[in-house]
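Biologist: I should be grateful for a close look at the enclosed space inside this protein, together with the parts of the chain that surround it. Please take the cavity as the starting point and build the picture outwards from there.

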Amino acid sequence: MNFLEKFKDELIFEVQKEFWNERGKGARYRLTRIGVDFAERELGEKIKDKKNIKKWLIDNGFCEDIDITENEISMTMIVKNCSLLEIKNMFKKANIKPLSCPLANIFMYCLELNSGLSPELLPIEEDENGNCKVTLAKMATSEIVKR
């Protein structure tokens with residue numbers, strides 16, 4: 001990692017940590033749009049399709065791959081070799097769960113555009129290979145809740 005990349009990662013971590021110091025877990029709800037405006041400018045209308053987002057993220061070096069599983073109430077992503085991994089590691093060292101994920105934010109925005117309902121980022125976990133496991137809880141309509 002070069003000096004500028006390290007500096008960028010430290011800045012992102014410090015900003016999020018200040019949100020944590022101010023709001024605790026509630027800080028997660030203030031960080032849901034980080035990264036979305038950039039992705040929307042780059043992707044345009046393509047941001048409405050998860051396949052387009054995944055391809056764009058991989059093609060532009062944000063990560064190596066993303067495995068997505070989805071059902072009516074959630075969407076889980078395993079993000080492999082993420083370019084933001086060092087930020088997650090800084091949170092881990094500080095004994096704080098990562099508060100936000102710009103990559104997840106882009107997918108959350110896509111889900112919101114398609115359903116009209118805002119999903120929620122659940123706590124970011126780590127899988128057995130050290131990859132980020134990111135789950136988005138979809139907001140449900142009364143028809144889904146009754147099932």
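Modeller: The largest cavity encloses about 150 Å³ of space, in a model that is predicted. The count of cavities of 30 Å³ or more comes to 1. Its lining consists of 15 residues, and those nearest the centre are Leu84, Lys88, Ser100, Cys101 and Pro102. H1, H4 and E5 are the elements that contribute two or more residues to this lining. H4 provides the largest share, with 4 residues.

These elements belong to a chain of 6 helices and 5 strands. Read from the N terminus, their order is α-α-α-β-β-α-α-β-β-β-α. Of the 147 residues, 35% count as buried. Among contacts with a separation of 6 or more, 56% join residues that are 24 or more positions apart. The accessible surface amounts to about 9,000 Å², and carbon and sulfur atoms hold 52% of that area.

Two of the lining elements, H1 and H4, are also connected by aromatic rings. The structure contains 3 aromatic pairs. In one of them, the ring centres of Phe13 and Phe91 lie 4.9 Å apart and the planes stand at 80 degrees; the pair is edge-to-face because planes over 60 degrees apart are classed in that way. Phe13 sits in helix H1 (residues 3-23) and Phe91 in helix H4, so that 78 residues separate the two partners and distant parts of the chain are linked. Phe13 counts as buried because its relative accessibility, 9%, is under the 20% limit. Phe91, at 1% relative accessibility, is likewise buried.

A further pair joins Trp56 and Phe62, whose ring centres are 5.1 Å apart; with planes at 35 degrees, the pair is tilted, because the angle falls between the limits of 30 and 60 degrees. Trp56 is buried at a relative accessible area of 12%, whereas Phe62 is partly exposed at 23%. Together with Phe38, these two residues form a cluster linked by ring pairs.

H4 and E5 also take part in the nonpolar packing. The largest nonpolar core comprises 35 residues, and Ile53, Leu57, Met77, Val79, Phe107, Val134 and Leu136 have the most contacts inside it. At least two core residues come from each of helix H2 (36-43), helix H3 (50-59), E2, H4, H5 and strand E5 (132-137). The greatest contribution is that of H5, with 8 residues. In soluble globular proteins, nonpolar side chains tend to be buried together. Met77 illustrates the contacts of one core residue: leaving aside residues up to four places away in sequence, Met77 touches Ile66, Asp67, Ile68, Ala104, Phe107, Cys132, Lys133, Val134 and Leu136.

Finally, the loops on either side of H4 deserve attention. Most residues other than glycine have a negative phi. Asn81, which is not a glycine, has a positive phi of about 50 degrees; this residue lies in the loop between strand E2 (74-80) and helix H4 (85-93). Asn95, also a residue other than glycine, has a positive phi near 60 degrees, and its place is the loop between H4 and helix H5 (102-115). Asn95 is exposed because its relative accessible area of 75% is over the 50% limit.

Key
Residues are numbered from 1 along each chain as its sequence is written. This is a predicted model: local features need pLDDT of at least 70, side-chain atom pairs count only at pLDDT 80 or more; totals for chains, interfaces and linings use all residues. Side-chain values use heavy atoms; hydrogens and water are left out. Buried means under 20% relative accessible area, exposed over 50%, partly exposed in between (1.4 Å probe, protein chains only). A nonpolar core is a set of buried Ala, Val, Leu, Ile, Met, Phe, Trp, Tyr and Cys residues joined through side-chain atoms within 4.5 Å. Contact means heavy atoms within 4.5 Å. Accessible areas come from the Shrake-Rupley method with a 1.4 Å probe; for residues, only the protein chains shown count as cover. Rings of Phe, Tyr and Trp (its six-membered ring) pair if their centres lie within 6.5 Å; planes under 30 degrees apart count as stacked, over 60 as edge-to-face and the rest as tilted. On a 1 Å grid over the protein atoms alone, a cavity is a set of points where a 1.4 Å probe fits but cannot get out, and a pocket is an open set with protein on both sides within 12 Å along at least five of seven lines; lining residues have an atom within 4 Å of a point. Grid points are joined across faces, edges and corners, and a volume is the space filled by probe spheres set on the points.
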